[in-house]
Amino acid sequence: MQSKKAMGSLMSKTFAQRKAVILDLLMEESSVSVSELAKRLNVTVVTARADLAALEEEGLLVRTHGGAVPSQHPKVMKRMQAEKGVKGAIAKAAAAMIKDGDTIYIEPWRAKAFPVIKDLIVDRTAFDRIQQAGGFISVNTSGNTQDANNILISKHAADSAMDAATCIGCGACVATCKNSSAMLFVGAKVSQYALLPQGQIEAADRVRNMVAQMDLEGFGNCTNTGACEVECPKGISLETIARMNRELMKANVK
Ligand code: SF4
């Protein structure tokens, strides 16, 4: 836990200090999300967004939906080269420890539901099967379908659904979770429909089927460590897991 002093120094970070942290993060991760930045800098998402906007004006990054990526600015490229240089130095130091005839095993993370195919490649089709179990809506295409623009949706719901829909199914959440839980992924996929009127008709079947498939695939349970949210490159929030749990409870009492 951070001391009050440490918290104080975080809270009093100047823009220049925040800028340095943001650029460091961009070098390390190749992208940053607004929610992650707000957490790391101990500022509101409004301030995090404003910082990204200011850095975009300086040409140092390019804003994306919910975050930012590094720009091609010469200063940024120079820092990236330097970063690569550090990584190269680490690789060299590691290589120096290897003697002729040594056998080296380099493996990806191990999650039962993501079996290793070969070398650093894992089979992530478990996510596809979860998606196929309910991650869709059925639409009547007979010509009587209501125009989507006639359905009123609050801005907050539309934004939250869009945020959830940015999940790319990379599996970083599973990789980082000590339980190999896929709840952030499934929470995102359930949320993107649960928040919209179009997702209501099949909502109960959707959440039941997707959660059942998730269990069938062998993913572990969530114990709320929050590691998934920190590692997620798209800034998917833990709120999606809470929403999925609520949806499941609703479905089960129907
Ligand atoms: S880490 Fe984020 S983007 Fe990747 S699968 Fe998990 S929730 Fe989706």
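Let's start with the shell of residues around the ligand, sorted by class: eleven are nonpolar, two are polar and one is charged. Please keep in mind that we are looking at a predicted model. Which residues come nearest to the ligand? Of the 14 around it, those are C167, C170, A172, C173 and C232. If you like to think in helices, look at helix 8, residues 172-176, and helix 9, residues 183-194, because each of them supplies at least two residues of the shell, given how helices are assigned here. Helix 9 gives three residues, the largest share.

Stay with helix 9 for a moment, and find helix 10, which covers residues 203-217. The axes of helix 9 and helix 10 come within 11 Å, and they cross at roughly 170 degrees. What do we call two helices arranged like that? Angles over 145 degrees count as roughly antiparallel, and helix 9 and helix 10 are therefore roughly antiparallel to each other. On the helix 9 side, the contact is made by V186, K189, V190, Y193 and A194. Helix 10 answers with A203, R206, V207, M210, V211 and M214. Sorted by class, this contact of helix 9 with helix 10 has nine nonpolar residues, two charged ones and no polar ones.

Now let's move to the strands. A little background helps: strands of a sheet pair through backbone hydrogen bonds, either parallel or antiparallel. In our model there is an open sheet of three strands, in the order 1-3-2, and the pairing is antiparallel. Strand 1 and strand 2 are the edge strands, each pairing on one side only.

Let's walk across that sheet. Strand 1 is residues 32-33, and it pairs with strand 3, residues 67-70, over two bridges. One of the residues to find here is S33, whose bridge partner in strand 3 is G67. On the other pairing, strand 2, residues 61-64, meets strand 3 over four bridges, again in the antiparallel sense. Here you can follow the partners along the strand: L61 stands opposite P70, V62 is bridged to V69, and T64 has G67 as its partner. So G67 is a name to remember, as the bridge partner of S33 and also of T64.

How many residues sit between strand 2 and strand 3 in their hairpin? There are two, and in that turn G66 has a positive phi of about 80 degrees.

Finally, let's zoom out to the whole chain. The domain assignment gives domain 1, residues 1-104, and domain 2, residues 116-253. The C-alpha centres of the two domains lie 28 Å apart. Where they touch, eight residues of domain 1 are in contact with seven residues of domain 2. Which element gives the most to the domain 1 side? That is helix 3, residues 34-41, with three residues. By class, the side of domain 1 that touches domain 2 has one nonpolar, six polar and one charged residue. Set that beside the shell around the ligand, with its eleven nonpolar residues, and you have two places to look at in the structure above.

Key: Residues are numbered from 1 along each chain as its sequence is written. This is a predicted model: local features need pLDDT of at least 70, side-chain atom pairs count only at pLDDT 80 or more; totals for chains, interfaces and linings use all residues. Two strands pair if DSSP finds at least two bridges between them. A residue is near a molecule or strand if its C-beta atom, placed from the backbone, lies within 6 Å of it. Ala, Val, Leu, Ile, Met, Phe, Trp, Tyr, Cys and Pro count as nonpolar, Asp, Glu, Lys and Arg as charged, and the others, Gly among them, as polar. Axes are lines fitted to C-alpha atoms, for helices over the stretch in contact, and angles run from 0 to 180 degrees between N-to-C directions. Angles under 35 degrees count as roughly parallel, over 145 as roughly antiparallel, 65 to 115 as roughly perpendicular and the rest as oblique. Two residues are in contact if their C-beta atoms, placed from the backbone, lie within 7 Å. Domain bounds come from an automatic or database domain assignment.
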